[in-house]
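Thanks for making the time this morning. Please have the sequence and the model open side by side while I talk, as I will be moving between the two.

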Amino acid sequence: MRMPDTGSLRGKRYLRLHQRGRNNSASAEARVLRDIEAELDRFEPALVAFPPLREEAIRRAQAVDIRAYRRLRDYARGPVSRLSPYITHGLISVPEVFRVVAAGGESGPTDRFVQELAWREFFRHVWRHLGDGIGADIRDALPGVVYTSRVPQDIAEATTGVPVVDATVRELYETGYLHNHQRMWLASYMVHMRKVHWRAGADWMYGYLLDGDLPSNHLSWQWIASTFSRRPYLFNADNVQRFAAHLASRGTGIDRGYEELGQIAASNVELEPEGGPREAPTPPPGLHALPPRLAVSATLPRVAGNESVAWVHPWSLAERPSADRVIGVIHAPFHRAFPWSAQRWAFVVEAMQAVTDEIWIGDLEQLSGALLGRVADVTMTLNPGYREAITGLRGGARAEPRLTPDPDDLKPSFSRFWEHVLATRAIDFSAQG
Ligand SMILES: Cc1cc2nc3c(=O)[nH]c(=O)nc-3n(C[C@H](O)[C@H](O)[C@H](O)COP(=O)(O)OP(=O)(O)OC[C@H]3O[C@@H](n4cnc5c(N)ncnc54)[C@H](O)[C@@H]3O)c2cc1C
């Protein structure tokens with residue numbers, strides 16, 4: 001762009017007009033943002049408590065305001081459903097959520113809410129094809145950049161001095177839930193500005209989320225890191241100002257242009273924690289390989305010869321299967337590798353107790369050996385250890401409910417996956433009751 005000659009009168013007039021134009025558009029934008037903030041107040045108080053009940057999941061699905069979601073989903077205080085803990089633990093399935101929302105008659109293939117459900121389906125599609133391979137780089141990482149496998153103490157204790165980062169970490173610990181944008185910002189800050197390896201960040205965040213889900217989590221972190229996307233995801237203070245004014249972080253290390261942030265991401269330069277005052281450190285809550293308040297017995301459940309048996313695991317908690325004996329199963333080796341917060345355990349155990357006769361904790365390989373031909377009802381899951389034990393049962397397993405048929409070949413991107421799904425016409429977008 002040619003710059004005006006600022007020494008001449010014409011140049012000075014240009015600059016004045018240009019400046020006025022910029023001020024006008026800046027104040028118009030500020031007005032729009034103020035209006036949006038006022039509108040977001042309507043959606044408070046956010047649904048921060050997560051009672052582990054199926055009725056609550058159905059109520060949340062019925063409450064989705066698809067039009068408001070379309071416009072305001074990206075705002076941290078926006079009208080998102082907070083259904084993810086319920087979907088993750090099978091209290092409601094994605095096809096059920098879709099049916100409830102589609103009954104409103106306003107959803108179609110390009111609808112924001114439907115597309116987000118579809119992202120979850122896409123991640124499951126990739127998981128089915130790559131299995132535990134989703135835990136390692138899918139594409140090459142940024143060349144030459146060295147990442148640490150430890151989460152730095154100032155991030156873990158919410159004392160980085162970057163308000164959006166610290167508030168997000170505190171919210172994660174307190175509620176077990178984060179808005180999608182906050183997850184993206186926190187992950188991007190950790191990987192690209194602080195050089196934390198995406199896998200270390202993913203495992204850490206997974207433990208605290210009530211909705212921690214290996215494919216949605218690991219593949220989202222890989223997407224941010226650029227090992228499952230074309231370029232690193234970056235954000236700056238302007239972005240935060242627009243979508244989360246209450247977490248404004250101007251004047252901190254993320255208050256830079258995208259070119260500079262890109263250079264930092266592609267190098268071994270690391271942002272320092274900010275100087276200046278900050279809140280007291282928040283000690284990270286403990287992560288537990290076993291439910292903290294549940295007595296563990298090593299004895300195998302005894303089953304009478306004529307009793308029919310069903311298994312319920314942490315990802316299939318919707319309702320009691322129709323069997324004489326319903327056993328809630330917790331495969332200890334999985335949880336040693338992926339420990340959970342006490343509040344996540346409380347969510348899972350309460351929901352599990354409501355639909356089972358007893359909870360058994362141990363190595364599922366042992367239990368499946370003992371009950372090989374006896375388990376008549378169990379839902380498939382790809383979570384490691386559970387997957388092998390269920391596959392080994394003689395009675396087979398129900399498929400996890402899915403919104404879309406899974407393409408046979410691995411689709412390399414969401415858009416290719418979605419094109420395929422729409423071409424099969426497997427999803428009925430006409431309103432349903
Ligand atoms: C770094 C990072 C980590 C993540 N980890 C998880 C995780 O462990 N478990 C998890 O369920 N989601 C994860 N997500 C995806 C997404 O952030 C959450 O699903 C969503 O924020 C849950 O809130 P909600 O139920 O209010 O979503 P809504 O916006 O109301 O969406 C409805 C449902 O659609 C699905 N969905 C929405 N957005 C996404 C998305 N971007 N990707 C996949 N599915 C989506 C979820 O099942 C969600 O419950 C992660 C995203 C990022 C960037």
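I will go through the sheet, then one helix, then the surroundings of the ligand, and finally a few loop residues. Please keep in mind throughout that this is a predicted model.

Let me begin with the sheet, which is open, has 4 strands in the order β5-β3-β2-β6, and pairs in the parallel sense. The edges are formed by β5, residues 358-362, and β6, residues 375-377, each of which pairs on one side only. From one strand to the next the twist averages 45°.

If we now walk across the sheet from the β5 edge, we find that β3, which covers residues 325-331, is joined to the parallel strand β5 by 5 bridges, and that within this pairing Ile-327 has Glu-358 in β5 as its bridge partner. On the way to the next strand we meet Ile-327 again, since the residue standing opposite Ile-327 is Trp-311, and here β2 and β3, again parallel, are joined by 4 bridges. The last step takes us from β2 to β6, a parallel pairing over 2 bridges, in which Val-309 has Val-375 of β6 as its bridge partner.

Which residues of β2 point one way, and which the other? Val-309 and Trp-311 share one direction, while Ala-310 and Val-312 take the other, and all of them are buried. As a general remark, side chains in a regular strand alternate between the two faces of the sheet.

Turning to the helices, I would like to pick out α8, residues 163-175, whose 13 residues reach 18 Å from the first C-alpha to the last, close to the 18 Å expected at 1.5 Å a residue. Its buried residues are Pro-163, Val-164, Val-165, Asp-166, Thr-168, Val-169 and Leu-172, and these pack against α7, α9, α10 and α12. Just after α8 comes Gly-176, with a positive phi of about 75°.

Now to the ligand, which has 28 residues around it, with Val-80, Ser-81, Glu-116, Asn-217 and Ser-220 coming nearest. The helices α4 (84-88), α6 (112-130), α9 (180-193) and α11 (214-225) each supply at least two residues of this shell, which by class holds 12 nonpolar, 9 polar and 7 charged residues.

That leaves the loops, where two residues deserve a look for their backbone angles. Most residues other than glycine have a negative phi. Ala-158, in the loop between α7 and α8, nevertheless has a phi near 60°, and Ser-226, in the loop between α11 and α12, has a positive phi of about 85°. Are these two buried or exposed? Ala-158 counts as buried because it has 24 C-beta neighbours inside 10 Å, where 20 or more are required, and Ser-226, with 21 other C-beta atoms within 10 Å, is therefore buried as well.

The last residue is Arg-139, in the loop between α6 and α7, which counts as exposed because it has 12 C-beta neighbours inside 10 Å, and the cut-off for exposed is 12 or fewer. Leaving aside residues up to four places away in sequence, Arg-139 touches Thr-227 and Phe-228. Between Arg-139 and Phe-228 there are 6.0 Å from C-alpha to C-alpha, although they are 89 residues apart in sequence.

I will stop there and take comments.

Definitions and conventions
Residues numbered from 1 in each chain as written. Predicted model: local features only at pLDDT ≥ 70, side-chain atom pairs only at ≥ 80, totals over all residues. Pairing = 2+ DSSP bridges. Axes fitted to C-alpha atoms, helices over the stretch in contact; angles between N-to-C directions. Near = placed C-beta within 6 Å. Nonpolar A, V, L, I, M, F, W, Y, C, P; charged D, E, K, R; others polar. Contact = placed C-beta atoms within 7 Å. Expected span 1.5 Å × (residues − 1).
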